[in-house]
Amino acid sequence: MKENNQIRIRKPCHIFFRNNLRKLWLSVAEKKLGYLQYIEKEIFTSSGFGADHRLDKLAFSVRREIEKVEALFDNTICMCTLCAKTNRNMIYTKHPLFKTKKWLCVKCAGDI
Ligand SMILES: [Zn+2]
């Protein structure tokens, strides 16, 4: 991978298509996250939590799944890590605020 990878789209029809795909992907991920958090809440509020070993294992696996989805939000090209904009061209680059490279919009990457 190059030092800084920029995905630049210029044609308005491609920008429209890209933005809608990003919205779709993010809405699916948000729905999944909401569903998993609902399940986790139901497990924690159930009477068997802490007493039933199977319920504890299920809570642990749901928590791991939630962390995976949250990590996707943090590392996706669909959304700028700093400003959360979804409708800009993105650059995979290093920012002083983060230890590793992140996807940033061209405006935030330009402010470095
Ligand atoms: Zn940004």
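Is R63 buried, partly exposed or exposed? I looked this up before anything else, and R63 is partly exposed, with 14 other C-beta atoms within 10 Å. The cut-offs, with C-beta atoms placed from the backbone, are 20 or more other C-beta atoms within 10 Å for buried, 12 or fewer for exposed, and partly exposed in between.

A note on the source: this is a predicted model, where local features need pLDDT of at least 70, side-chain atom pairs count only at pLDDT 80 or more, and totals for chains, interfaces and linings use all residues. Residues are numbered from 1 along each chain as its sequence is written.

I placed R63 in helix 2. Helices (H or I, at least four residues) and strands (E, at least two) are DSSP runs, numbered from the N terminus.

Next I turned to helix 1, residues 12-45. Helix 1 reaches 49 Å from its first C-alpha to its last, close to the 50 Å expected at 1.5 Å a residue; the expected span is 1.5 Å times one less than the number of residues. Of its 34 residues the number buried is 0, so helix 1 lies largely in the open.

Then I went looking for the largest nonpolar core (buried Ala, Val, Leu, Ile, Met, Phe, Trp, Tyr and Cys residues joined through C-beta atoms within 7 Å). This core has 9 residues, among them M90, W103 and L104. Strand 3 gives the most to the core, with 3 residues.

I also checked A84, which sits in the loop between helix 2 and strand 2. A84 has a positive phi of about 65°, although it is not a glycine.
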